[in-house]
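Reader: Hey, got a minute to walk me through this one? I'd like to get my bearings before I go back to the bench.
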Amino acid sequence: MIFTDTHTHLYLDAFDADRDLMINRAFGQGIGYMLLPNINSQSIAPMLGLCDKYPANIFPMMGLHPTDVKADYKNELEIVETWFSKRKFYAVGEIGIDLYWDKTFVEEQKIALKAQIALAKKHRLPIVLHSRDSFDEIFEVITETIDENLTGVFHCFTGNRQQAEKIIGWGFKLGIGGVLTFKNSGLDKAIADIPLQHIILETDSPFLAPNPYRGKRNESSYLRLVAEKLAEIKQTDIAEIAAITTKNAIDLFHFPVKNVE
Ligand SMILES: [Zn+2]
């Protein structure tokens, strides 16, 4: 049984004291693969350092996070763009629009999102979308830019059933994490009739820890709690959840695998 944490920020300071122990706890829980979304130019070195330390298990993405789209965003985008010619990345991420924290740079966020979708098309990579209080804005951009090659995931999906259907209609995946375990999130109902083929699992560590760790530091080993909840909702066993969601992740990101059984 091998799980894939498709969205985990293992390189952040929150793990400085016990990073290797924490990664080994994840291996111990069957989390065989972890994908690291980039945030900004400062996070690139620690992220790549970690991928180089665990080259068979941990894989990088490259992108500029929407909350880091500020006045100097053109500079940041240039750095992102340059990296694609320097090494292999498995997605353009994380990118998107976030209107929860700050609306000052909403226009710049849209420009940065479109520029990074263009990079994804150029390098034939999936996009990893961060959407917070911005479903309509992101839907508008995707509607404008979608073509037969553009694919990706709505990371940390917490929307309703109609939004879920729209997303899978584009061939995008739903990234499901700890929110699924929260009481009254409504996410269980939103995805009740969505086939597992459209779902990948994620923790978004160190954020959004699932119950019973809600509010505490999240880590990739807790992915198992999300998988257990999903198995309950889909009335299946956790082995099937592992098999299908890891296959979906491989299909989307094309990271190298040894043997997934
Ligand atoms: Zn993230």
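Reader: So what kind of model am I looking at?
Author: This is a predicted model.

Reader: OK, metal first. Which residues are the protein donors of the zinc ion?
Author: They are His-7 and His-9, each through NE2, plus Glu-94 through OE and Asp-204 through OD. These donors lie 2.0 to 2.7 Å from the zinc ion.

Reader: And how are they spaced along the chain?
Author: The spacing reads H-x1-H-x84-E-x109-D. His-9 and Asp-204 link distant parts of the chain, being 195 residues apart. His-9 sits in the loop between β1 and α1, while Asp-204 sits in the loop between β8 and α8.

Reader: Those two, His-9 and Asp-204: buried or exposed?
Author: Both His-9 and Asp-204 are buried.

Reader: What about the geometry of the zinc site?
Author: The site is irregular, with angles of 87 to 178 degrees among the four donor atoms.

Reader: Switching to charges. How many salt bridges are there?
Author: The structure holds 14 salt bridges. One of them joins the side chains of Asp-18 and Arg-217, at 2.9 Å from N to O. That pair also links distant parts of the chain, 199 residues apart. Asp-18 is in the loop between β1 and α1, and Arg-217 is in the loop between β8 and α8.

Reader: How accessible is Asp-18? And Arg-217?
Author: Asp-18 has 17% relative accessibility, so it counts as buried. Arg-217 is at 28%, so it counts as partly exposed.

Reader: Any salt bridges inside a helix?
Author: Yes, take Lys-247 and Asp-251, whose closest N and O atoms are 2.7 Å apart. They are four residues apart in helix α9, which means about one helical turn separates them. Asp-251 counts as partly exposed because its relative accessibility is 41%.

Reader: Which residues do salt bridges with shared partners join into one network?
Author: Asp-18, Arg-25, Arg-217 and Glu-219.

Reader: Got another helix example?
Author: In helix α8, Glu-232 forms a salt bridge with Lys-229, with the closest N and O atoms 3.5 Å apart. These two are three residues apart in α8, so they are separated by about one helical turn. Glu-232 counts as exposed because its relative accessibility is 55%. Lys-229 is at 23%, so it counts as partly exposed.

Reader: While we're on α8, which of its residues are buried?
Author: Leu-223, Val-226, Ala-227, Leu-230 and Ala-231. They cover an arc of only 140 degrees around the axis, so they are on the same side of α8.

Reader: What do the buried residues of α8 pack against?
Author: They pack against the strands β1, β2, β7 and β8, and also against helix α9. Just after α8, by the way, Gln-235 takes a positive phi of about 50 degrees.

Reader: Does α3 have a buried side or an exposed side, or what's on each?
Author: Its buried residues are Tyr-73, Glu-76, Leu-77, Val-80 and Trp-83. Their arc around the axis is only 120 degrees, which means they lie on the same side of α3. On the other side of α3, Lys-74, Asn-75 and Glu-78 are exposed. The buried residues of α3 pack against α2 and α4.

Reader: Now the core. Which residues touch the most other members of the largest nonpolar core?
Author: Ile-127 and Ile-191, out of the 73 residues in that core. Leaving aside neighbours within four places in sequence, Ile-191 is in contact with Phe-157, Leu-174, Ile-176, Leu-180, Ile-199, Leu-230 and Lys-234. Apart from the largest core lies another core, of 15 residues, including Leu-35, Met-61, Leu-252 and Phe-255.

Reader: Why would nonpolar residues cluster like that?
Author: In soluble globular proteins, nonpolar side chains tend to be buried together.

Reader: Last one: where is Ile-23?
Author: Ile-23 is in helix α1. Its relative accessibility is 0%, so it counts as buried. Setting aside neighbours within four places in sequence, Ile-23 is in contact with Leu-10, Met-34, Leu-50, Tyr-54 and Ile-58.

Reader: And how far is Ile-23 from Gln-235?
Author: Their C-alpha atoms are separated by 29 Å, and the two residues are 212 residues apart along the chain.

Terms used. Residues are numbered from 1 along each chain as its sequence is written. This is a predicted model: local features need pLDDT of at least 70, side-chain atom pairs count only at pLDDT 80 or more; totals for chains, interfaces and linings use all residues. Side-chain values use heavy atoms; hydrogens and water are left out. A salt bridge is a side-chain nitrogen of Lys or Arg within 4 Å of a carboxyl oxygen of Asp or Glu. Buried means under 20% relative accessible area, exposed over 50%, partly exposed in between (1.4 Å probe, protein chains only). The arc is that of the directions from the helix axis to the C-beta atoms. Contact means heavy atoms within 4.5 Å. A nonpolar core is a set of buried Ala, Val, Leu, Ile, Met, Phe, Trp, Tyr and Cys residues joined through side-chain atoms within 4.5 Å. Donors are N, O and S atoms within 2.8 Å of the metal (3.2 Å for Na, K and Ca); water is not among the atoms, so sites may look incomplete. Four donors count as tetrahedral if all angles lie between 85 and 135 degrees; four count as square planar and six as octahedral if opposite donors are over 155 degrees apart and all others between 65 and 115; anything else is irregular.
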